[in-house]
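The following exercises concern salt bridges and a nonpolar core. Please work through each task before reading its solution.

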Amino acid sequence: MKTSSRILAFDLHANDAVVASYLDGKQSQYSFPNDRNTACRVQATIQTMLHATNLSIAAFDVFAYHCGPGRFSGLRLAAGLVHAMAFVGGQR
């Protein structure tokens with residue numbers, strides 16, 4: 001039975017955007033300004049996290065995002081990103 005989860009989480013609702021991971025008891029997070037370049041920065045941040053951990057998106061069990069209240073564009077981006085990654089990978 002699996003006792004730990006690998007979680008990739010997004011919080012894009014405020015002035016600072018955060019991409020965080022929880023991997024086998026260790027948490028790491030990256031933050032950056034939430035502005036018109038957020039979509040590009042999220043992608044680059046995910047690639048940085050994957051490279052640092054030697055994992056792929058498929059290795060994560062759960063994707064999470066802050067669903068509001070907050071900036072509509074950030075919430076929409078986070079929701080779309082998480083739902084797309086989960087759908088493609090078959091995760092929650």
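**Exercise 1.** Which side chain meets R41 in a salt bridge?

*Solution.* The model is predicted, so local features need pLDDT of at least 70 and side-chain atom pairs pLDDT 80 or more, whereas totals for chains, interfaces and linings use all residues. Residues are numbered from 1 along each chain as its sequence is written, and side-chain values use heavy atoms, with hydrogens and water left out.

Step 1. A salt bridge requires a side-chain nitrogen of Lys or Arg within 4 Å of a carboxyl oxygen of Asp or Glu.

Step 2. The partner of R41 is D35, at 2.8 Å from N to O.

Step 3. R41 is partly exposed (from 20% to 50% relative accessible area, 1.4 Å probe, protein chains only; buried is under 20%, exposed over 50%), with a value of 27%. D35 is also partly exposed, at 35%.

**Exercise 2.** State how many salt bridges the rule gives, and locate the one formed by R6.

*Solution.* Step 1. The count is two.

Step 2. R6 pairs with D24 at 3.3 Å, N to O. R6 belongs to strand 1 (residues 6-11), while D24 lies in the loop between strand 2 (16-23) and strand 3 (26-33), 18 residues apart. Strands are DSSP runs of E, at least two residues; helices are runs of H or I, at least four, and both are numbered from the N terminus.

**Exercise 3.** Which elements each supply at least two residues of the largest nonpolar core?

*Solution.* Step 1. A nonpolar core joins buried Ala, Val, Leu, Ile, Met, Phe, Trp, Tyr and Cys residues through side-chain atoms within 4.5 Å.

Step 2. The largest has 17 residues; L8, F10, L12, V19, V42, F60 and F63 touch the most other members.

Step 3. The elements are strand 1, strand 2, helix 1 (38-53) and helix 2 (72-89).
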